[in-house]
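User: I have this one open in the viewer. Can you talk me through it?

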Amino acid sequence: MSSSSRSSAEIAPRPATLRDGGVWIDYGACVVRVRSPIAALADQIEVVYRAFPIQQQGEFADYHVSIDFGRGLRRHLRPTCRFAIDGVEPFEPFPAASALPMFEWGVNWCFAQRGNQFVLLHAGVLARDGRAVIMAATPGSGKSTLTAAMMLRGFRLLSDEFGVLDPVSTELRAMLKPVALKNRSIDVIREFSPDAVIGPTFRGTRKGDVAHLAPDRASTAAVRQSARPVLVIFPRFSEGGRLELKPQPPEQAFSRLAFNSFNYALLGPLSFDAVADVAAGCPAYELAYGKLDEAIRCIDELLAESRGAADAA
Amino acid sequence: MRPESRLLAGRHLLPLLADVTHLQSMSLADWDGTLRLARQARLLGVLAHRIVRDPELLSSVPEAVHGHLRSSINFAAHRLQMVRIELAHLEAALPAGITVVLLKGAAYIAEDLPFAQGRMPNDVDLLVARRDLDAAESALAAAGWEAETTDAYDQRYYREWSHELPPMRIPGHALEVDLHHTIAPVTSRTRADDALLESGLRPLPGSRFHVLSAADQIIHSVIHLFQDSEMAGRLRDLVDIDGLIRLHMRDEADWQTLHERARRHRADRLLWFALQYCRAWLATPVPQSCTVGQRPPLPTRMLMDLLMRHACLPLIADDGEPRVRGIARGLGQLRYHWLRMPPTLLARHLCHKGFARLAPRSD
């Protein structure tokens, strides 16, 4: 696996550290302590978490997880790895070489299972000046690709997978993780910007080829800051298609956000109120696009408009 | 019993369950492990409710812990809703002529007992008289409940040797329903007195359901902990017993009733153990007179101590499970089967399960 160089002032998670005490990673909405004897995982974390302040000692972690080698005799023939949190192993073992995708999915699983103090929308979230755009996910929407591209054009990335809505403050929290790019998006993003730092490509996982884009320093530095939702976008990628913007009435935005969330039903009235507030307070659009830069320019204009509207009000 | 402070759960989890103001002495690092233990024991929701009830207490909890408390309160609220939905379905499905008793979590929810706030029930436990079992089962089947297991041996095991039918569920529903005809496994050496149970039933106002008498609720929890589980990770059963005692045992007469009924259900020794651990671990107000005299023999007490300390209590096993814990869990399983089944039946059961594990499954 390739391993990019980092400045010596930073502390890289050396394999021994990851194996013995583990490292503490702050995602914003939660802190995860991870331990693993898999040396390659330490190298991969070093690449895709390069901008995160990684602690080698922590007083507190929300989730303590581990990625260990698989058990049994077969591990000598075909090494596997398994993800565990407090003795629970939610997935079948992966090939040992895919420790990073397993770690990433594992953390998503923990947060989706246990983060029920938040409404967990299935959405990417990006912000400028503390004003957040919710990029709602629908299958084939190209949400991750557009999210990645927006970060590379200067948006602050809060999250790619979870729109973490705090029902008490009605603000969005960061759940900042490497962006999982799939299949063709990997090359699209690589070509989109020379600044893109992308980890190794894992071929033939359950979700096809996967590679992770490292969040930038501006995003990691703001990981503990909330952002106010001001705009909802339902992206739809169409190959070579023209930019097309279609306003969504609030009731439609509500149902598309709510019924595509991880824990809407579980939270009952709490999530109803929180999602209804977002739908009522934020203009929502379906955005069909064929070119990333066109879509980003359009979103920037919508953001400026919503600020103007807010100032006028 | 030896001091509990040497056990991980004894440092903060048990003191917190005994008296929630213990949290005032806890650091953020103390919370780190305690949250993991409480969640593993499925007691985080109960703890969270006890904490948020007192805003001043809540304000001395570190900020990083608040999200975990809120999350477990939200999750427990969802479970509560699922139980209520299931009870509404059951209310409509069960024939009016049959007396149906709610057991454990469903009973505490229907009675709206404060100590049970934050519990996270996995199922709804019902009790009917044996004579009503067939009628109740067919009514549930007609209303859409389906048995979780279709395996012929498992079906026979439940029907002949257990005190409940195989779990049933309406496809798509979150909770399963366990239909019992008594509160202790029928082949076990503890035999609840069904007539006595029936004579103590309390109707629930505004509902078609009944609940057990207060003393029988405690005894049922005791039997459930010590006879109907392998004891691993069952601290929450002891917390239920503690809650029921604090709620219902008001004077000497209540304690006399409890002991008398335990004796008639042949659960007096199990009750002795439960009271012992309640007092030692959860500071339950148990009169001294309840646990002196009639002590079980020393070897029994030692075995129970091993099971309670190393199997019942949760543990953080980041560096693998200590050997003593593996042994305790193994003994817990052995004891569970030994108590439920006479030796010949046990041998037959283990043979079947052993072969079933070797043979490839047809499904």
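Analyst: We can take the two chains in turn, then salt bridges, then some backbone details. This is a predicted model, where local features need pLDDT of at least 70, side-chain atom pairs count only at pLDDT 80 or more, and totals for chains, interfaces and linings use all residues; side-chain values use heavy atoms, with hydrogens and water left out. Residues are numbered from 1 along each chain as its sequence is written, and chains are lettered from A and ligands numbered from 1 in the order in which they are written.

User: Fine. How many helices and strands in chain A?

Analyst: Chain A has 11 helices and 16 strands. These are DSSP runs (helices are H or I with at least four residues, strands are E with at least two), numbered from the N terminus.

User: And what is the radius of gyration of chain A?

Analyst: Chain A has 19 Å, which agrees with the value near 20 Å for a compact globule of 313 residues. The radius is taken over C-alpha atoms, and the globule rule is 2.2 Å times the number of residues to the power 0.38. The C-alpha trace of chain A spans about 65 × 40 × 40 Å along its principal axes.

User: How much of chain A is buried?

Analyst: Buried residues are 56% of the 313. Buried is under 20% relative accessible area, exposed is over 50%, and partly exposed is in between (1.4 Å probe, protein chains only). Of the contacts in chain A with a separation of 6 or more, 70% are between residues 24 or more positions apart; a contact means heavy atoms within 4.5 Å.

User: Now chain B. What does its secondary structure come to?

Analyst: Chain B has 17 helices and 7 strands. Its radius of gyration is 21 Å, in agreement with the value near 21 Å for a compact globule of 363 residues. The C-alpha trace of chain B spans about 55 × 50 × 45 Å along the principal axes, and 54% of the 363 residues are buried.

User: What about accessible surface?

Analyst: For chain A, about 13,300 Å², with 52% belonging to carbon and sulfur atoms. For chain B, about 16,100 Å², with 54% from carbon and sulfur atoms. The areas come from the Shrake-Rupley method with a 1.4 Å probe, and for residues only the protein chains shown count as cover.

User: Switching to charges. How many salt bridges are there?

Analyst: The count is 27 over all chains. A salt bridge here is a side-chain nitrogen of Lys or Arg within 4 Å of a carboxyl oxygen of Asp or Glu.

User: Give me one in chain A. Where are the partners?

Analyst: A:E89 and A:R71 form a salt bridge, 3.4 Å from N to O. A:E89 is in the loop between strand 4 (80–85) and strand 5 (94–95), and A:R71 is in the loop between strand 3 (63–69) and helix 3 (74–77), so the pair links distant parts of the chain, 18 residues apart. A:E89 is partly exposed at 34% relative accessible area, while A:R71 is exposed at 60%.

User: Any in chain B?

Analyst: B:R264 pairs with B:D193, with the closest N and O atoms 3.8 Å apart. That pair also links distant parts of its chain, 71 residues apart: B:R264 is in helix 13 (residues 252–264) and B:D193 in the loop between strand 5 (176–180) and helix 10 (194–199). B:R264 is partly exposed at 40%, and B:D193 is partly exposed at 23%.

User: And how far apart are B:R263 and B:E260?

Analyst: They are 3 residues apart in helix 13 of chain B, which means a separation of about one helical turn. They form a salt bridge with the closest N and O atoms 3.0 Å apart. B:R263 is partly exposed at 46%, as is B:E260 at 36%.

User: Last topic, backbone. What is phi at A:T170?

Analyst: About 55 degrees, a positive value although A:T170 is not a glycine. Most residues other than glycine have a negative phi. A:T170 is in the loop between strand 9 (162–165) and strand 10 (172–173) of chain A, and is partly exposed at 37% relative accessible area.

User: Which residue in chain B has phi near 55 degrees?

Analyst: B:R42, which is not a glycine either. B:R42 lies in the loop between helix 3 and helix 4 (44–52) of chain B, and at 25% relative accessibility counts as partly exposed.
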